[in-house]
Amino acid sequence: MILPHENSSSGIELALDLGIIRKYSIAGPRYTSYPPATKFTFPGEARELEDAILDDNRPGCGPLSLYFHLPFCETQCWYCGCNTVVTRRREAASEYVDDLAREIGLTASRIASARQVRQLHFGGGTPTFLPPDELARLGLLIHEHFSVHPECEFGVEIDPRRLTAEHVQALRVIGANRASIGVQDTNPEVQKAIHRWQPQELNIQAVSWLRDAGFQSVSVDLIYGLPLQTAESFARTIDEVLTLSPDRLSVFSYAHVPWIRPAQRIFESRSQLCTPEEKLAMFAVAHRLLTAAGYVDIGLDHFARPDDELAIAQRNGTLHRNFQGYSTEAGASLYGFGVTSISSTPTTYRQNFKGLPEWRRALAAGRLPIERGLVLSDEDRRRRTLIMKIMCDRQLDYAAVSRQIGVDVAHAYAPEIASLDDLEADGIVVRTASGLTVTPRGGPLLRVVAMRFDATFSPGETRHSQTL
Ligand code: SF4
């Protein structure tokens, strides 16, 4: 079987045949970091990771990006892969902000006060589980301890089911100017199957509040590969969300990881899991409809209007990738706050405790709540550059990257480049003496190409989601 040839106005072709899907649909990292977070170790050397914060203040250091993980949700969506705490206990919000205040104090005291915050993000969980006054208190704490740039990109993940006009006003007052709205699918049958009831009226209301309050960018998150979805039903979902006129869309592949998220097992027991072929058909239809509507394919699962910063960065070759996905901010060190959040400096990654009690205990003892992390070797950093170039630029210019990382790429990585024979034969990449390029056909397989340069990856690994 050959899937319908999707030759859109953008020239992207998604006519992958079933053999190619089966061949490359293996579990693999999403490369929001390299090495991937699954390779972080439980360090005896937490001190080394803490010292990296002080080293990060070196002259010429980059700006700051802050991430706040707000983990609470009122109900459990069965597909969810996020680290959440499901509760209806309202006091949990203020207790959590108390602990965040401790973590902000401990972290900010190690960071040079002149460094400016250029990016801020509230993720979850459901950030608006926090009532408006607690959001305001958190915003105040951030502004008291950090120098936030007037043009800081401040994004918030929004669940329209848990949003009020007062939440939106509180978020605007503390500087939030970008929102991503979790929609997933507008089909009521699918919503029932995933335990997330969300009528389209709620989405319309949320967008209207956000636009009226002056949010500069509103994006919509969808998921394909959910129970009961078909390519036809997903096309209707796309049509409906396009009426919201989002600036960006993320069209994520459902990640089935029941060994991490046991709630997902319900889909197995009901035989509701989609096949890779069905998922690709859904992605193909989404790609066709979004590009036909004028959105630009940024990479993997992101789409943006041509005048959006992400699309401009892609055209200029200045796109970056971090734990929130694609980004325009170069060279920023990321400081994560809250349970499970990840931080990165140029030479380290570190992750907070995933459990609320452990995270809280460390803070009460006056310690940074580091559970695990990694000190990168020079070779890790070289490979990170190669992998991020593939993920963001879809190409490697050997001479340019060689200058950047200080080794002759064509020579030092000859085995990795030679390992692309099968991908080239299948039309996924094109190699020349001066570089390699991922073809439009290979767009959905960027992770597979990047994996060939990943020294930490072993094909039998099952801890990641499928690449398609
Ligand atoms: S999908 Fe969002 S709202 Fe649902 S459980 Fe996960 S984090 Fe909470």
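Let's start with a small open sheet of three strands, ordered β17-β19-β18 and paired antiparallel (strands are DSSP runs of E with at least two residues, numbered from the N terminus, and two of them pair if DSSP finds at least two bridges between them). β17 (395-397) and β18 (429-432) are the edge strands with a single partner strand each, so one side of each has no neighbour in the sheet. From one strand to the next, the twist averages 15° (axes are lines fitted to C-alpha atoms, for helices over the stretch in contact, and angles run from 0 to 180 degrees between N-to-C directions).

A word on what you're looking at: this is a predicted model, where local features need pLDDT of at least 70 and side-chain atom pairs count only at pLDDT 80 or more, while totals for chains, interfaces and linings use all residues. Residues are numbered from 1 along each chain as its sequence is written.

Back at the sheet, helix α14 (residues 398-405) lies across β17 and β19, at about 75° to β17 (helices are DSSP runs of H or I with at least four residues).

Now for β15 (residues 348-352). Five of its five residues are buried, so the strand is largely enclosed by the rest of the structure (buried means 20 or more other C-beta atoms, placed from the backbone, within 10 Å of a residue's own). T348, R350 and N352 point one way, and Y349 and Q351 the other. β14 and β15 make a hairpin with two residues between them.

Here are the antiparallel pairings:

| Strands | Bridges | Facing residues |
|---|---|---|
| β18 and β19 (residues 435-438) | four | R431 and L436 |
| β14 (residues 342-345) and β15 | four | T345 and T348 |
| β15 and β16 (residues 370-375) | five | Y349 and L374 |

Zooming out, the protein chain splits into domain 1 (18-27 + 378-451) and domain 2 (37-337), with bounds from an automatic or database domain assignment. Their contact takes 10 residues from domain 1 and 11 residues from domain 2 (contact means C-beta atoms, placed from the backbone, within 7 Å). On the domain 1 side, α13 (378-393) and α1 (18-24) each supply at least two residues, and α13 gives the largest share, four residues. That side has seven nonpolar, two polar and one charged residues (Ala, Val, Leu, Ile, Met, Phe, Trp, Tyr, Cys and Pro count as nonpolar, Asp, Glu, Lys and Arg as charged, and the others, Gly among them, as polar).

Terms used. Contact = placed C-beta atoms within 7 Å. Buried ≥ 20, exposed ≤ 12 C-beta atoms within 10 Å, placed from the backbone.
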